[in-house]
Amino acid sequence: GEVVDVQYAGVDDLRRAKDSLNLTNQIALVKLGRAPLLYKLSLLSELGFGGVLLYIDPCDAPPGSHTWHQAFRVTLNPGGKPAI
């Protein structure tokens, strides 16, 4: 599939993409942002996306923080122990 930039994969972002493209088996390009990842993945799945590429937008980092040297970590566990 083709890569489709859906910004933060919010409801409005996905509505705009759905109105202009066939999303079945496409690959969603998604900024992590603050919304729960599992929620975003469920919305993408419902629309028929075949895959997801996640990234952190440096503009979303808190002011004064330097995140470029930190490891990229994504967890599906909403809190609790990251190892689970």
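Strand 2 (residues 27-31) and strand 3 (residues 51-55) are a good place to start in this predicted model: the two pair in the parallel sense, with five bridges between them. To find your place along this pairing, look for V30, which stands opposite L54 in strand 3. Between these two strands the chain passes through helix 2, and the resulting β-α-β crossover is right-handed.

Now turn to the pairing of strand 2 with strand 1. These strands also run parallel, and three bridges join them. Here D5 is a handy landmark, since its bridge partner in strand 2 is L29. This time the chain travels from strand 1 through helix 1 to reach strand 2, and that β-α-β crossover is right-handed.

Helix 1 spans residues 11-20, and its buried residues are D13, L14 and A17. Viewed down the helix axis, these buried residues fall within an arc of 90°, so they line one face of the helix. The spacing fits a simple rule: an α-helix has 3.6 residues a turn, so residues three or four places apart point the same way.

What do the buried residues of helix 1 pack against? Their partners are strand 1 (3-5) and helix 2 (37-46). Helix 2 is thus worth a second look, as the element that the chain passes through on the way from strand 2 to strand 3. If you turn to the other side of helix 1 instead, you will find R16 and D19, which are exposed.

Key: Residues numbered from 1 in each chain as written. Predicted model: local features only at pLDDT ≥ 70, side-chain atom pairs only at ≥ 80, totals over all residues. Heavy atoms only, no water. Buried < 20%, exposed > 50% of the residue type's maximum accessible area, 1.4 Å probe, protein only. Helix = DSSP H or I, 4+ residues; strand = E, 2+ residues; numbered from the N terminus. Arc of directions from axis to C-beta. Contact = heavy atoms within 4.5 Å. Pairing = 2+ DSSP bridges. Right-handed = clockwise from strand over helix to strand, strands pointing away.
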